[in-house]
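Reader: I am new to this structure and should like to be guided through it by questions. May I begin once it is displayed?

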Amino acid sequence: MMLSCGVSRLIVRHLRTGVASTAQVPQVCIVGSGPAGFYTAQQILKSHAAAQVDMYEKLPVPFGLVRYGVAPDHPEVKNCINTFTQTAAKDRFTFLGNVDIGSDITFSQLREAYHAVVLAYGAAQDRALNIPGESLPNVLSAREFVGWYNGLPENADLKVDLNVESVGIIGQGNVAVDVARILLTPVDILKKTDIPENILERLNGSRVRHVTLVGRRGPEHVAFTIKELREMVNLEGSGPDLRREDYKHLRNLIPNLPRPRKRLLELLAKTGLDAPDPKLASSWAAAEKQWSLRFLRSPVEILATPDGQAVGGVILAKNRLEGEGLNQRAVQTDETESLQCGLILRSIGYKGVEIDSSLPFDQRTGTISNNGGRVTGQNGVYVSGWIGTGPVGVILSTMTSGFTTGKVVVADMETGSVDISRPRSGQTLIKSALAEKGVQPVSFDQWNRLNQYEVETGAKLGKPREKVSNIKHMMDIIHQ
Ligand code: FAD
């Protein structure tokens with residue numbers, strides 16, 4: 001069904017009821033083209049027979065963290081892009097890339113142009129440690145480092161010095177493990193991924209030999225999952241350097257734990273306590289690189305080298321645990337120890353940013369306050385994904401969030417709790433505001449052109465794609 005996007009169209013027929021209606025075409029916009037945005041769009045298009053869905057994305061390219069966060073050596077995780085591309089092909093969907101909401105277009109302009117606004121713009125910032133020395137060169141967030149090896153334009157020129165032997169990663173979640181794995185994986189393996197060529201060159205020249213992941217609590221509290229641990233255990237050219245005494249208590253805990261944690265801790269205990277099988281033993285013995293886990297430690301100060309120009313290490317306070325079971329809390333003691341390292345990556349979580357002061361933004365959690373996707377106190381405004389839930393969970397949980405929000409948007413339009421009787425101009429108004437500002441929105445067809453360019457360039461190099469990580473270069477290819 002082809003619909004134009006002017007203000008005078010009528011809804012044709014309602015999908016669920018099959019009853020013809022004379023209401024206006026509901027104009028819905030989504031801010032952000034990550035999994036949350038695309039799954040919300042999919043749900044709205046499926047549940048409503050006439051709604052027009054416009055998706056605004058600040059980058060010229062879609063897919064958010066699927067393109068710029070998910071580890072390049074996990075290409076199977078990126079298969080959701082196929083589903084997103086099918087959604088983008090629907091005739092009631094429009095992608096408008098290269099449009100930054102909050103800067104090119106304000107939230108109130110969107111409110112005026114659309115019946116419903118869905119905010120799905122993720123968590124684009126990171127949490128700081130707030131300790132002395134954090135501003136030294138080579139103290140970076142894992143978010144920036146991940147962006148760098150994934151070709152994210154804003155991190156393309158990140159100043160990272162890999163001419164160091166030891167790296168300290170603060171955090172023990174999956175992002176921390178992704179970063180450790182990329183630092184330790186032989187470059188010959190990484191060459192087959194979509195890590196950009198200039199970054200591969202830098203990784204090839206890396207002197208990193210030892211990566212330590214530091215956690216506030218004990219091994220029973222690690223936040224990474226079993227797949228990521230298994231990959232570390234079997235990582236070619238690397239072996240674990242673990243302290244046996246850290247793992248001894250795990251075997252008493254394991255029988256009483258729920259299944260996923262039980263399996264994870266069984267593998268952790270096995271790795272920390274048991275002799276590996278002969279194949280793994282010889283691989284670990286031959287390994288030139290090591291990874292370690294340091295538990296019950298919190299960073300309190302980052303130390304400079306004697307010339308004050310680089311990172312020399314980090315002082316860690318020893319923690320004790322208070323409370324019961326897996327909810328125990330880490331409490332710092334006065335005892336400290338130091339960890340030598342020349343690069344520190346803090347991996348303690350992402351954080352959403354405020355794009356408009358009229359939104360109920362919770363500075364502490366970095367999220368927009370909402371109830372099941374409905375933004376608190378704002379009729380017709382919704383959140384989906386990390387900006388509403390906080391930066392936790394995987395694509396699957398983001399999908400659930402997206403579907404939930406999509407359903408409430410449609411329900412509110414059906415019940416009349418969102419008034420769709422007044423016509424809204426949708427993208428027409430926004431496009432003219434963009435034209436006035438000289439902003440050229442990128443369509444999905446134009447993204448497809450860039451996509452094809454990246455895939456063809458990558459094929460010549462024996463990899464899935466060679467990402468373009470410069471916005472001007474992207475726009476040149478798009479407009480060729
Ligand atoms: P995002 O994916 O961040 O999408 C938000 C989008 O909004 C972005 O495209 C952004 O550019 C855009 N945007 C931001 N601000 C604006 C603005 N002002 N105007 C317009 N657009 C804007 N999950 C897995 O299942 N498997 C994995 O292996 C995995 N690996 C991960 C690795 C890392 C390093 C990270 C950080 C996460 C990983 N995840 C993984 C989790 C997964 O990426 C998230 O669950 C998911 O991406 C969250 O989706 P989202 O749409 O809320 O946010």
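Reader: Does Asp 126 count as buried or exposed?

Author: The model is a predicted one. Asp 126 lies in strand 5, residues 125-126. Its relative accessibility is 15%, and the limit for a buried residue is under 20%. Because 15% falls under that limit, Asp 126 counts as buried.

Reader: Which side chains make polar contacts with the side chain of Asp 126?

Author: Leaving aside neighbours within four places in sequence, Asp 126 is in contact with several residues, including Arg 346, Gly 349, Tyr 350 and Lys 351. For its side chain, one polar contact, of 3.0 Å, is with the side chain of Ser 141. Another, at 2.4 Å, is with the side chain of Arg 143. The names asked for are Ser 141 and Arg 143.

Reader: Which side chain is joined to that of Asn 319 by a polar contact?

Author: Asn 319 is found in strand 12, which covers residues 311-322, and it counts as buried at 7% relative accessibility. Beyond its neighbours within four places in sequence, Asn 319 is in contact with residues that include Arg 216, Leu 296, Ala 330 and Thr 333. The polar contact between side chains has a length of 2.9 Å, and the partner of Asn 319 is Ser 298.

Reader: How many disulfides does a search of the whole structure find?

Author: Cys 29 is buried, with a relative accessible area of 0%, and Cys 341 counts as buried at 4%. A disulfide requires a pair of cysteine sulfur atoms within 2.5 Å. The number found in the whole structure is 0.

Reader: How many residues surround the ligand?

Author: The closest residues are Glu 57, Ile 101, Trp 386, Ile 395 and Thr 398. By class, the shell holds 18 nonpolar, 9 polar and 4 charged residues. The number of residues around the ligand is 31.

Reader: Which helices each supply at least two residues of the shell around the ligand?

Author: The helices in question come from several parts of the numbering, and they are given here with their residue ranges. Those that each supply at least two residues of the shell are helix 1 (35-47), helix 2 (64-68), helix 6 (174-184) and helix 14 (395-415).

Reader: What share of the area that the ligand exposes when taken alone does the protein bury?

Author: Backbone atoms of the protein lie beside polar atoms of the ligand: a backbone N or O atom of Ala 36 is 2.9 Å from a ligand oxygen, and a polar backbone atom of Gly 64 is 3.4 Å from a ligand oxygen. For Ile 101, a backbone N or O atom lies 2.9 Å from a nitrogen atom of the ligand. Taken alone, the ligand exposes 1,000 Å², and the share of this that the protein buries is 91%.

Reader: What is the phi of Phe 63, which is not a glycine?

Author: Phe 63 is found in the loop between strand 2 (52-56) and helix 2. This residue is buried, with a relative accessible area of 1%. Its phi is positive, at about 95 degrees.

Reader: Where is Asn 98 found?

Author: Asn 98 also has a positive phi, of about 70 degrees, although it is not a glycine. At 17% relative accessibility it counts as buried. Its place is the loop between strand 3 (93-96) and helix 4 (107-113).

Reader: How far apart in space are the C-alpha atoms of Thr 85 and Asn 448?

Author: Thr 85 is in helix 3, residues 80-88, and counts as partly exposed at 31% relative accessibility. Its side chain reaches the backbone oxygen of Ile 81 at 2.8 Å, and, not counting residues up to four places away in sequence, Thr 85 touches Phe 63 and Phe 444. Thr 85 and Asn 448 are 363 residues apart in sequence, while the C-alpha distance is 9.5 Å.

Reader: What distance separates the C-alpha atoms of Ile 420 and Arg 449?

Author: Ile 420 is found in the loop between helix 14 and helix 15 (427-437), and it is buried, with a relative accessible area of 11%. Along the chain, Ile 420 and Arg 449 are 29 residues apart. Their C-alpha atoms are separated by 36 Å.

Notes: Residues are numbered from 1 along each chain as its sequence is written. This is a predicted model: local features need pLDDT of at least 70, side-chain atom pairs count only at pLDDT 80 or more; totals for chains, interfaces and linings use all residues. Side-chain values use heavy atoms; hydrogens and water are left out. Buried means under 20% relative accessible area, exposed over 50%, partly exposed in between (1.4 Å probe, protein chains only). Helices (H or I, at least four residues) and strands (E, at least two) are DSSP runs, numbered from the N terminus. A polar contact is a pair of N or O atoms within 3.5 Å; within protein, one must be able to donate a hydrogen and the other to accept it, and residues adjacent in sequence count only if both atoms are side-chain atoms. Contact means heavy atoms within 4.5 Å. A residue is near a molecule or strand if one of its heavy atoms lies within 4 Å of it. Accessible areas come from the Shrake-Rupley method with a 1.4 Å probe; for residues, only the protein chains shown count as cover. Ala, Val, Leu, Ile, Met, Phe, Trp, Tyr, Cys and Pro count as nonpolar, Asp, Glu, Lys and Arg as charged, and the others, Gly among them, as polar.
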